[in-house]
Amino acid sequence: MPLTDYRTALITGASSGMGRAIAERLIAQGIEVHAVARNAEALAELKGCVPHHVDISNTESLEAMVQGLEIDILINNAGVSRPGNVLTSNRFDIDEQIDVNLRAALHLIRLLMPGMVARNRGHVINITSMAGHYEFAGHTAYHATKAAMHMVSRQIRVDAYGHDVRVTEISPGRVATDIFAKVHGLTPEEARRQYLDEYDVPTAEDIADAALYALGTPRHVNIGMIEMLPTRQVPGGLRTAKRNER
């Protein structure tokens, strides 16, 4: 379905990073973008959008926000993570990741996808992570929620069977965004020095390019999944601990 067939989009986590880059691209294409974020000040800097200052973990707020909206493109981009793993977690660490990364996305799909099916026009893009497909040192709940969204992406294609509603999962590896500063409690400068400066990694704009590619393919083409990693990043590696390693 050519991008010109779509009129409206709703993007979560639109105030920064990948969400903001995608929003800017869609605004430039003449799409009415409903931009959703918790950071009101950063959201106000995104020109040309319809801003929604909403905490997506609040289902009642989501329901009120989308009341009366006809959305052609839903981009579930908002996500949170926590340092450490399940062994060092507290209740909030796990609940927030499930609420933001999985529950809110499912509710938005529940609220908006029936309209796409009824109009026989729509596209859902779920921004997941390589953490949903590969195991490595990282927060267990984050891996779990991203793996769940991988299956959600597969399953809602089944739910929309027989209609021109497309579903794309974009699964990035390391990307140059502010997530490292947020997760590890670093300043943006410290995070760049530690995680980005010495690495060649995709940018938020590269992810936006992938989203626009998927959105712009012909009506009869569904790009199901795009995995985007830095050329010098590999997702796995076989390691075996020695007996005296604890």
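**View 1. Helix 1 lies across five strands of the predicted model**. The strands concerned are strand 1 (8–12), strand 2 (32–37), strand 4 (73–76), strand 5 and strand 6. Helix 1 itself covers residues 17–28. Its axis runs at about 165° to strand 1. Helix 4, residues 91–119, also packs across strands: strand 1, strand 4, strand 5 and strand 6. Here the angle is about 165° to strand 4.

**View 2. Seven strands build an open, parallel sheet**. The strand order reads 3-2-1-4-5-6-7. Strand 3 (50–53) and strand 7 (225–228) are the edges. Each has a single partner strand, so one side of each lacks a neighbour in the sheet. On average, neighbouring strands are turned by 15° against each other, direction ignored.

**View 3. Strand 2 is paired with strand 1 and with strand 3**. Strand 1 and strand 2 run parallel and are joined by five bridges. One bridge partner pair is T8 with E32, the latter in strand 2. Between these two strands the chain passes through helix 1, and this β-α-β crossover is right-handed. Strand 2 and strand 3 are likewise parallel, with four bridges. A37 stands opposite H53 of strand 3. How many of the six residues of strand 2 are buried? Five are, so strand 2 is largely enclosed by the rest of the structure.

**View 4. Strand 5 and strand 6 pair in the parallel sense**. Strand 5 spans residues 122–127 and strand 6 spans residues 165–172. Six bridges hold the pairing. G122 has V165, in strand 6, as its bridge partner.

**View 5. T128 is a buried loop residue**. T128 sits in the loop between strand 5 and helix 5 (140–159). Its relative accessible area is 4%, under the 20% cut-off, so T128 counts as buried. Which residues are in contact with T128, leaving aside neighbours within four places in sequence? They are H133, K146, M149, H150, E169, I170, S171 and P172.

**View 6. Helix 7 has its buried residues on one face**. Helix 7 comprises residues 188–196. A191, Y195 and L196 are its buried residues. Viewed down the helix axis, they fall within an arc of 70°, so they line one face. In an α-helix there are 3.6 residues a turn, so residues three or four places apart point the same way. Helix 6 (179–184) is among the elements that cover the buried residues of helix 7.

**View 7. F180 and Y195 form a stacked aromatic pair**. The count of aromatic pairs comes to one. A pair of aromatic rings is described by the distance of the centres and the angle of the planes. For F180 and Y195, the ring centres lie 4.7 Å apart and the planes stand at 10°. Planes under 30 degrees apart count as stacked, so this pair qualifies. F180 belongs to helix 6 and Y195 to helix 7. The two residues are 15 residues apart, and the pair links distant parts of the chain. Are these rings' residues buried or exposed? F180 has 15% relative accessibility and counts as buried. Y195 is buried too, with a relative accessible area of 14%.

Technical notes:
Residues numbered from 1 in each chain as written. Predicted model: local features only at pLDDT ≥ 70, side-chain atom pairs only at ≥ 80, totals over all residues. Heavy atoms only, no water. Pairing = 2+ DSSP bridges. Axes fitted to C-alpha atoms, helices over the stretch in contact; angles between N-to-C directions. Contact = heavy atoms within 4.5 Å. Buried < 20%, exposed > 50% of the residue type's maximum accessible area, 1.4 Å probe, protein only. Arc of directions from axis to C-beta. Right-handed = clockwise from strand over helix to strand, strands pointing away. Phe/Tyr/Trp six-rings, centres within 6.5 Å; stacked < 30°, edge-to-face > 60°.
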